[in-house]
Amino acid sequence: MNSSILLQFFINGIYISCTYVLVALGLSLIFGVLDIADFAQGALFMVGAYICYYAMKFLGVPYFLSLSFSLFFVAILGNINNLLVYRPLRGTIGANTLVAALGIFIIVQNLGLLVFGSEYTSVESPFGKAKFSFLHVFITEHRTFVIFATFFLIFLTWLFLYKTKWGQGLRAMSQNREAATLVGVNIDKVSIIAFGLAAGLAGVSGALIAPVEPFTPTLGGEVILKAFASVVFGGMGSLIGAVTGAFIIGITETVAVAFISSAYSSMIAFGLMILILFIRPQGLLGEKV
Amino acid sequence: MALLEIKSISVFYNKIKAVDNLTLFVEKGELVTLIGANGAGKTTVLRAISGLIRPRNGSIIFKGIDITRMRPDKIVQLGIAHCPEERKLFPRMKVKENLMMGAFLRKEGVGKTLEWIYSLFPVLKERENQLAGSLSGGEQQMLAIGRALMSQPELLMFDEPSLGLAPNLVKKLASTIKNLNQQGLSVLLVEQNVEIAFSISNRGYILENGKVVLSDSVEELKENDMVRKAYLGG
């Protein structure tokens, strides 16, 4: 096989990973702090794409500004979801929040169909259909923007978590909840930050990919499944694991498509996830169970 | 008025009564120990003081302020630190980061406290950039104490600090606690190692099934037949 084709698939893999790595990061954050596998993040991703669309259409805001609309409003939605659903369930068995999270995902997706309709929606990219090409590899300018913006957001998240006081508080809470409480970290404040950050990332991620292809309210389904596979692959609650997992899964599935058929791409993602569970039940970078 | 006053609190885990109508106090500058078998309710008393669990009734007064239903972070701010059972460090943070977490609510003078802790436990300074999870048991205990001290508490509560430590380290730990106490820190010490606890404490409470069955000065407790039989091996 030609090496430039392989490089093309590798770049495609990076892009595919970027469509769900931010959701994976958010899932991991929320799981770390509150032990909730928050599937609703997939629906919030979809809402982010629609907020971007409506902000551009009805408010006439430019695309780049509409990204911040998605980030901001979805961050609020994530917190409302926590307050209305997860917080009342705190202290009950874990399966309750899991089922609630799945329920919220489906409810929001169906509300989406009701409110936004089931027709395809498309958002115009400020880059139009322009492409870069180098070494016989092609990538649209918009996808390039998605990749750079995603890396930048991961970097900002890292800065927040490792270099700020409340970021440290959030990490402390995810490493040992009782100890963090005993040094004076307030769980309610940390929850607001975790849900705001995770949902904000999901929302802006949805808005980032909105111009790539026309979409419907079922947009978040595959994203949340792949993000979940990434988190399990990388180790539940490990942030670096979630990011690494997303890139390994995304690149593997895309490169594998070069050899087999694209029909198998999801099978490869989940195959990898199950495989790692056999070899390292705690995930690639997870703590021992 | 005592520094800490617990007035007949009862604490439940769901329907199980873990602490039953318990009353105790700690005077400023005292080192008080809480003794009892596993499941006697010692840890629960500390958790109630820290605000991790709410007593169903009774009250907890610290420096004259009712903290019975106060949030844990407010309780830390008032000057109570809790060095929990099994250390409970932040394993994926560096030693220094763990210590800084102890000062989470403080704004000023943190550097000075850090230096003081490094002078108490020089090994923590040597290992400041190592992950807490990579420390030995003794070093982890020093880190847990250091982290608790970083909040500049007036009352420091220890939950089974000797657990899992080699006998020579247990002695060293006891003298560290005594030392801190002599520097003016009030201490409430929960221990299974009764001999060690008695060797450094002023007063003690004996807990059985969530109730105080005996409380006295350590000298008197050591002479008590029941205590000798049940806790000091005859």
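In what order do the 6 strands of the open sheet in chain B run? The points below take up that sheet and then turn to the rest of the model, which is predicted.

1. The sheet of chain B. The strands of this open sheet follow the order S6-S7-S8-S3-S9-S10 in chain B, and their pairing is mixed. Its edges are formed by strand S6 (80-83) and S10 of chain B, each of which pairs on one side only. From one strand to the next, the twist averages 15°.

2. The S9-S10 pair and the helix on the sheet. S9(B) and S10(B) run antiparallel to one another and are joined over 6 bridges; within this pairing, Leu207(B) stands opposite Val212(B), a residue of S10(B). Helix H7 (residues 167-182) of chain B packs on the sheet, where it touches strand S3 (31-36), strand S7 (155-159) and strand S8 (186-191) of chain B, and its direction makes an angle of about 155° with that of S8(B).

3. The turn that links S9 and S10. Asn209(B) is placed in the loop between strand S9 (203-208) and strand S10 (211-217) of chain B, and its phi is positive, at about 45°, although the residue is not a glycine. Is Asn209(B) buried or exposed? The answer falls in between: Asn209(B) counts as partly exposed because it has 14 C-beta neighbours inside 10 Å.

4. A second positive phi, in chain A. His136(A), likewise a residue other than glycine, has a phi near 65°. Its place is in the loop between strand S1 (131-134) and strand S2 (137-140) of chain A. With 11 other C-beta atoms within 10 Å, His136(A) is classed as exposed, so a reader who wishes to inspect this backbone value will find the residue in an exposed setting.

5. Chain B as a whole. The secondary structure of chain B amounts to 10 helices and 10 strands. Its C-alpha trace spans about 45 × 40 × 35 Å along the principal axes. The radius of gyration of chain B is 17 Å, which agrees with the value near 17 Å that a compact globule of 234 residues would have. Buried residues account for 45% of the 234 residues in this chain, and, of the contacts in chain B with a separation of 6 or more, 66% join residues that are 24 or more positions apart.

6. The contact between the chains. Chain A brings 14 residues to the contact, and chain B brings 22 residues. On the side of chain A that touches chain B, helix H6 (165-175) and helix H7 (177-182) of chain A each supply at least two residues, and H6(A) gives the most, with 5 residues. Sorted by class, that side of chain A has 5 nonpolar, 7 polar and 2 charged residues.

7. Phe104(B) at the contact. Phe104(B) lies in the loop between helix H3 (95-102) and helix H4 (110-120) of chain B. Which residues is Phe104(B) in contact with, leaving aside its neighbours within four places in sequence? They are Gly169(A), Val183(A), Gly184(A) and Val185(A). Phe104(B) counts as buried because 22 C-beta neighbours lie inside 10 Å, the cut-off for that class being 20 or more. The C-alpha atoms of Phe104(B) and Val76(B) are separated by 9.9 Å, with the two residues 28 residues apart along the chain.

How values were computed. Residues are numbered from 1 along each chain as its sequence is written. Chains are lettered from A and ligands numbered from 1 in the order in which they are written. This is a predicted model: local features need pLDDT of at least 70, side-chain atom pairs count only at pLDDT 80 or more; totals for chains, interfaces and linings use all residues. Helices (H or I, at least four residues) and strands (E, at least two) are DSSP runs, numbered from the N terminus. A residue is buried if 20 or more other C-beta atoms lie within 10 Å of its own, exposed if 12 or fewer, and partly exposed in between; C-beta atoms are placed from the backbone. Two residues are in contact if their C-beta atoms, placed from the backbone, lie within 7 Å. Ala, Val, Leu, Ile, Met, Phe, Trp, Tyr, Cys and Pro count as nonpolar, Asp, Glu, Lys and Arg as charged, and the others, Gly among them, as polar. The radius of gyration is taken over C-alpha atoms; the globule rule is 2.2 Å times the number of residues to the power 0.38. Two strands pair if DSSP finds at least two bridges between them. Axes are lines fitted to C-alpha atoms, for helices over the stretch in contact, and angles run from 0 to 180 degrees between N-to-C directions.
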